[in-house]
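Subject: Structure for your review

Dear colleague,

Please find below the structure that I am handing over to you. My findings follow it, arranged by topic.

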Amino acid sequence: METHLILVGLLSLCSLSLSQVCNTQLLENVDFPGTDIKFEYSPDVDHCQQLCTQHPSCLFFTFIRPDWTGDLRHFYCYLKTTASGNVAVQKPLEGVTSGFSLKACTPELQPCLPKVYPDVDFLGADYTALFTADHEECQRACTQDPGCQFFTFVHEDFGTETIRFKCHLKYSPSIPAPPTVRRETGVVSGFSQNVHLPQQSTTVFLTACEGKLFPSISVPQSNLKTLPGVSPDHCRALCSDHPACTFFTFDSNEFKCHLKNNKDKMETIAKEGSTTGFPERFCQLDENWLKVAHDGVTLHGSDIRFELVDDADSCQRKCTEDPLCQFYNYLTEAFSDRDFWRRCFFKRTITMPAPLKITKLEKVTSGFQLRSCV
């Protein structure tokens, strides 16, 4: 872990200390220029504010609304931060709305997103489609499918006749995956025991999953997506979360979780350091992997803040008690730089529904699942 993280951690603490006041104000036609972390797509300012709240270092944001006329950007959500924790500059600007993270407001981390958006297309992230009578039925289909996070429905007067009434169900991850996983002496890492695990079935009575793993077995083909993974059980949770994942291979040498999609066959080879398995569906998801501490493994990046604690167990307990924390690193006295000893780094990623891209498109309606609204 690089020495400059000392400064990052101190700045993170400083930012939080100066940003503890809950501020729900939205500033219409006001821009917070500069200090961008990144941009995501959002259909409205409320969704943008929730993205900022879930991002580990976002303190405020500027959203480019659909009525923006400055250029072709629409639905852009710019996530922002400063070392001081305060907005550096505010400027009047038509077509944008700015606001603040809700981290200090006891936020709802599985937010209810009930709005629908006429003439707005959530592009990409499709995993299946069906035909429905209207967008309300499409939203019900999305809500009842555990893998669906959002949808786009094509209306009966859409230009292309063959896709009228088509309901596109779409996915985004709801299980945290650290940006980078690697070996590092003197680091103990793990997950909050309060990580939200999606319900995989609407069946009331679910038996416990009896997950089967195949050590030293790899599936070299049928790749769907590759994510950083901490363990075979974490990889299984990531596969279970993705509706198109039919099996997975975890590479313990590179900490890579290879999600696979092939409904016809599974061709395996023997390979040391690999573990293959199946998703857990139609049963109660195994939560034991959340309790495991990984000695000598670092979950790099996505820091919210750090505290000084006495041991790795205390670090996991503190992470579990913090509603924003999803995973952690604890630096022991075996770590190379003694200035970092006893530091417990709290971390998280965005796990709320987040479309890959949003554009204007007439005669379609998009929206989100309503499972979080129950």
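Which residue in S18 is the bridge partner of valine 188? The partner is tyrosine 330. Please note that this is a predicted model.

**Strand S10 and its partners**

Valine 188 has its partner in S18, and the two strands concerned, S10 and S18 (residues 327-331), run antiparallel and are joined by five bridges. Strand S10, which spans residues 180-191, also pairs with strand S16 (residues 294-300). That second pairing is likewise in the antiparallel sense and extends over six bridges. Within it, arginine 182 of the chain is found opposite threonine 298 in S16.

**The five-stranded open sheet**

An open sheet is formed by five strands in the order S1-S5-S3-S4-S2, with antiparallel pairing. Strand S1 (27-31) and strand S2 (36-41) each have a single partner strand, so they stand at the edges and one side of each has no neighbour in the sheet. On average, and with direction ignored, neighbouring strands of this sheet are turned by 40 degrees against each other.

At one edge, S1 is joined to strand S5 (residues 91-100) by four bridges, and these two strands run antiparallel. In this pairing, glutamate 28 has threonine 97 in S5 as its bridge partner. Helix H2, made up of residues 45-54, packs on the sheet. The helix touches S2, strand S3 (60-64), strand S4 (76-80) and S5, and its direction makes about 150 degrees with that of S3. As a reminder for reading the sheet, side chains in a regular strand alternate between the two faces.

**Two residues with positive phi**

Most residues other than glycine have a negative phi. Two residues may therefore deserve your attention when you inspect the backbone.

Threonine 106 has a phi near 55 degrees, a positive value in a residue other than glycine. Threonine 106 lies in the loop between S5 and strand S6 (116-123). Its relative accessibility is 72%, so threonine 106 counts as exposed.

Phenylalanine 165 is not a glycine either, yet its phi is positive, at about 70 degrees. This residue is placed in the loop between strand S8 (150-154) and strand S9 (166-170). Phenylalanine 165 has a relative accessibility of 29% and therefore counts as partly exposed, the range for that class lying between 20% and 50%.

**The largest pocket**

The largest pocket holds about 660 Å³ of space. It is lined by 32 residues, of which Ser172, Pro173, Lys225, Leu227 and Ile350 are the closest to its centre. Two or more lining residues come from each of S2, strand S7 (126-131), strand S12 (223-228) and helix H4 (232-241). Sorted by class, the lining of this pocket has 19 nonpolar, seven polar and six charged residues. Strand S2 thus appears in two places in this account: at an edge of the open sheet and among the elements that line the largest pocket.

**The cavity**

How many cavities of 30 Å³ or more does the structure hold? There is one. The volume of the largest cavity is about 70 Å³. Its lining includes Ile175, Leu197, Pro198, Ala237, Leu285 and Trp289, together with Asp233, Arg236, Glu280 and Asp286, as well as Ser240. By class, the residues of this lining are six nonpolar, one polar and four charged.

With kind regards

Technical notes: Residues are numbered from 1 along each chain as its sequence is written. This is a predicted model: local features need pLDDT of at least 70, side-chain atom pairs count only at pLDDT 80 or more; totals for chains, interfaces and linings use all residues. Side-chain values use heavy atoms; hydrogens and water are left out. Two strands pair if DSSP finds at least two bridges between them. On a 1 Å grid over the protein atoms alone, a cavity is a set of points where a 1.4 Å probe fits but cannot get out, and a pocket is an open set with protein on both sides within 12 Å along at least five of seven lines; lining residues have an atom within 4 Å of a point. Grid points are joined across faces, edges and corners, and a volume is the space filled by probe spheres set on the points. Ala, Val, Leu, Ile, Met, Phe, Trp, Tyr, Cys and Pro count as nonpolar, Asp, Glu, Lys and Arg as charged, and the others, Gly among them, as polar. Axes are lines fitted to C-alpha atoms, for helices over the stretch in contact, and angles run from 0 to 180 degrees between N-to-C directions. Contact means heavy atoms within 4.5 Å. Buried means under 20% relative accessible area, exposed over 50%, partly exposed in between (1.4 Å probe, protein chains only).
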